[in-house]
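Welcome! Please take a moment with the sequence and the model below, and then we can walk through them together.

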Amino acid sequence: MNDVIAEYRRGVLYFDAGDPIEAAKILSTVLDEEPGNAEVRLWLARAYFASAQLNRAEQHLRALVDRDPSDHYACHLLGRTLERQHRQKEALPFLRLAAAMSAVPDYSAAVRRVAGSS
């Protein structure tokens with residue numbers, strides 16, 4: 001268990017250091033050990049998003065939103081992932097949901113941007 005925690009921390013450090021590809025490699029092995037861990041899954045999705053592995057990010061974010069639809073950050077990041085794939089019509093409901101749940105300025109800016117481009 002301590003090895004898994006150490007690897008998780010190492011993955012987060014790589015992400016914070018600006019190496020999302022290496023972070024994703026590390027965090028995917030941690031998720032294999034802890035498949036129900038939402039925090040690890042979110043960090044992995046963030047690493048995939050940051051490294052433009054958008055299909056993989058989408059897969060993990062959909063799992064997070066299905067598990068907890070009130071996770072405003074997962075909803076927002078799923079919307080952003082879909083937006084980056086030029087799927088604005090699919091992105092907008094997730095972005096609106098995130099903005100409705102939390103008054104984060106980036107959330108409302110994303111809604112305006114995507115709503116204006118659809």
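Helix 2 and helix 3 pack at an angle of about 150°, and their axes lie 8 Å apart. Angles over 145 degrees count as roughly antiparallel, so helix 2 is roughly antiparallel to helix 3. The crossing of helix 2 past helix 3 is left-handed. Keep in mind as you look that this is a predicted model.

Which residues make this contact? From helix 2 come Pro20, Ala23, Ala24, Leu27, Ser28, Val30 and Leu31, and they meet Val40, Arg41, Trp43, Leu44, Ala47, Tyr48 and Ala50 of helix 3. Sorted by character, the residues in this contact are twelve nonpolar, one polar and one charged.

Now let your eye move to another pair. Helix 6, residues 88-101, packs against helix 7, residues 105-117, at an angle of about 155°, with 9 Å between their axes. That angle makes helix 6 roughly antiparallel to helix 7. Here, too, the crossing is left-handed. On the helix 6 side you will find Gln88, Leu92, Leu95, Arg96, Ala98 and Ala99, while helix 7 brings Tyr107, Ser108, Ala110, Val111, Val114, Ala115 and Ser117. In this contact, nine residues are nonpolar, three are polar and one is charged.

Next comes the interior. The largest nonpolar core has 36 residues, and within this core Tyr8 and Leu61 touch the most other members. Two or more residues come from each of helix 1 (2-16), helix 2 (20-33), helix 3 (38-50), helix 4 (54-67), helix 5 (72-84), helix 6 and helix 7. Helix 3 gives the largest share, eight residues. Try finding Tyr8 in the model: setting aside neighbours within four places in sequence, Tyr8 is in contact with Leu27, Val30, Glu39, Val40 and Trp43. Leu27, Val30, Val40 and Trp43 also take part in the contact between helix 2 and helix 3.

Finally, two loops deserve a look at their backbone. Most residues other than glycine have a negative phi. Ala52 is not a glycine, yet its phi is positive, about 60°. You can find Ala52 in the loop between helix 3 and helix 4, where Ala52 is partly exposed, with a relative accessible area of 48%. His86 is likewise not a glycine and has a positive phi of about 60°. The loop between helix 5 and helix 6 holds His86. Is His86 buried or exposed? With a relative accessible area of 67%, His86 is exposed.

Terms used: Residues are numbered from 1 along each chain as its sequence is written. This is a predicted model: local features need pLDDT of at least 70, side-chain atom pairs count only at pLDDT 80 or more; totals for chains, interfaces and linings use all residues. Side-chain values use heavy atoms; hydrogens and water are left out. Axes are lines fitted to C-alpha atoms, for helices over the stretch in contact, and angles run from 0 to 180 degrees between N-to-C directions. Helices (H or I, at least four residues) and strands (E, at least two) are DSSP runs, numbered from the N terminus. Angles under 35 degrees count as roughly parallel, over 145 as roughly antiparallel, 65 to 115 as roughly perpendicular and the rest as oblique. A crossing is left-handed if the near helix is turned anticlockwise from the far one by less than a right angle, and right-handed if clockwise. Contact means heavy atoms within 4.5 Å. Ala, Val, Leu, Ile, Met, Phe, Trp, Tyr, Cys and Pro count as nonpolar, Asp, Glu, Lys and Arg as charged, and the others, Gly among them, as polar. A nonpolar core is a set of buried Ala, Val, Leu, Ile, Met, Phe, Trp, Tyr and Cys residues joined through side-chain atoms within 4.5 Å. Buried means under 20% relative accessible area, exposed over 50%, partly exposed in between (1.4 Å probe, protein chains only).
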